Amino acid sequence: MSSERPLRKADFVTSIAFMLLGTVMIVAASRMPWIVQSGGLQQDWYLSPGLFPAVLGVLLILFSANVLMHAVRAGGHRGLGQVAAQGLRAIGSNRDLHRMAAAAALVGLYVFVGIGRFEYHVASTTFLFVTMLAFHRAPDRPFTVWAVLKIALIALIAPAVIGYIFTEFFQVPMP
């Protein structure tokens with residue numbers, strides 16, 4: 001049971017975060033049009049663009065509430081403040097947290113700076129190359145020319161293949 005307790009604490013915190021995300025999804029969906037005018041005809045509410053994100057938000061809240069209920073029953077809420085205080089004290093030395101923050105920063109740069117300002121292939125190739133270069137290996141292993149060439153090749157080929165599949169087969173234009 002003692003090995004399960006940290007999981008229940010994580011379940012407790014994560015379920016609350018997902019319930020908040022579900023609420024945000026419902027609020028965002030409520031701001032979308034629910035009566036659609038298309039070709040001069042008024043379509044029913046079940047064809048509206050806000051329906052799918054609203055349903056997902058409701059489901060996210062319901063499933064997260066179920067996880068929260070199980071976490072509370074298992075005592076996942078007990079001692080949470082102490083665990084949070086320990087985590088805050090160790091934030092400077094938490095290598096996993098630093099890697100996660102770096103990955104989130106790279107994704108943020110790609111989404112908010114790269115896409116829209118640069119052509120899709122240039123932004124995607126650059127993002128993949130930098131991300132794979134930063135995260136592909138263990139810190140104790142040195143870079144080799146072969147490893148960098150493989151990363152560069154993957155970073156060049158993947159956006160081209162994905163772009164081709166989306167534009168040719170799915171008929172979805174790339175940004």
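This is a short talk on one protein chain, from its overall layout to a few single residues.

Good morning, everyone. First, a caution: what you see is a predicted model. Let's start with the overall layout.

The protein has six helices and two strands. Read from the N terminus, the order is α-β-β-α-α-α-α-α. So how much of the protein is buried? Of its 175 residues, 18% are buried. We use "buried" here for a relative accessible area under 20%.

Now the largest pocket. It holds about 200 Å³ of space. Which helices supply its lining? Helix H4, residues 95-114, gives at least two lining residues, and helix H5, residues 120-135, also gives at least two. Look for these names on the screen. The lining includes Leu-106, Leu-109, Tyr-110 and Val-113. It also includes Phe-118, Val-122, Phe-127 and Val-130. Gly-114, Ala-123 and Thr-126 belong to the lining as well. What is the character of this lining? Nine of its residues are nonpolar, two are polar, and none is charged.

Stay with H4 for a moment. Arg-99 sits in this helix. Is Arg-99 buried or exposed, or something in between? It is partly exposed, because its relative accessible area is 28%, and that value falls between the 20% and 50% cut-offs. Its C-alpha atom is 9.3 Å from that of Ala-134, and the two residues are 35 apart along the chain.

Next, the loop between H4 and H5. Gly-116 is found there. Gly-116 counts as exposed because its relative accessible area is 70%, and the cut-off for exposed is over 50%. Here is a pair to find on the screen: Gly-116 and Pro-175. They are 59 residues apart along the chain, yet their C-alpha atoms are separated by 6.6 Å.

Move on to the loop between H5 and H6. Phe-143 lies in that loop. This residue is partly exposed, with a relative accessible area of 39%. Its partner in our list is Leu-133, ten residues away along the chain, with 9.1 Å between the two C-alpha atoms.

Now helix H6, which covers residues 145-169. Val-161 is part of this helix. With a relative accessible area of 42%, Val-161 is partly exposed. Val-161 also belongs to a nonpolar patch on the surface. Who else is in the patch? Among the members are Leu-153, Leu-156, Ile-157, Ile-162 and Tyr-164. Further along come Ile-165, Phe-166, Phe-169, Phe-170 and Val-172. Together the patch residues have about 1,000 Å² of accessible area.

One last stop: helix H2, residues 51-73, which contains Ala-54. Is Ala-54 buried or exposed? Ala-54 is buried, because its relative accessible area is 13%, which is under the 20% cut-off. In sequence, Ala-54 and Val-27 are 27 residues apart. In space, their C-alpha atoms are 8.0 Å apart.

To recap: buried Ala-54 is in H2, while exposed Gly-116 is in the loop between H4 and H5. The largest pocket has no charged residue in its lining. And the patch with Val-161 is nonpolar and on the surface. Thank you.

Terms used:
Residues numbered from 1 in each chain as written. Predicted model: local features only at pLDDT ≥ 70, side-chain atom pairs only at ≥ 80, totals over all residues. Heavy atoms only, no water. Patch = residues over 30% accessible without salt bridge, like charges linked within 9 Å, V, L, I, M, F, W, Y side chains within 5 Å. Areas by Shrake-Rupley, 256 points an atom, 1.4 Å probe, with all protein chains shown as cover. Salt bridge = Lys/Arg side-chain N within 4 Å of Asp/Glu carboxyl O. Helix = DSSP H or I, 4+ residues; strand = E, 2+ residues; numbered from the N terminus. Buried < 20%, exposed > 50% of the residue type's maximum accessible area, 1.4 Å probe, protein only. 1 Å grid on protein atoms, 1.4 Å probe; cavity = no way out; pocket = protein on both sides within 12 Å on 5 of 7 lines; lining within 4 Å. Points joined across faces, edges and corners; volume = space filled by probe spheres on them. Nonpolar A, V, L, I, M, F, W, Y, C, P; charged D, E, K, R; others polar.
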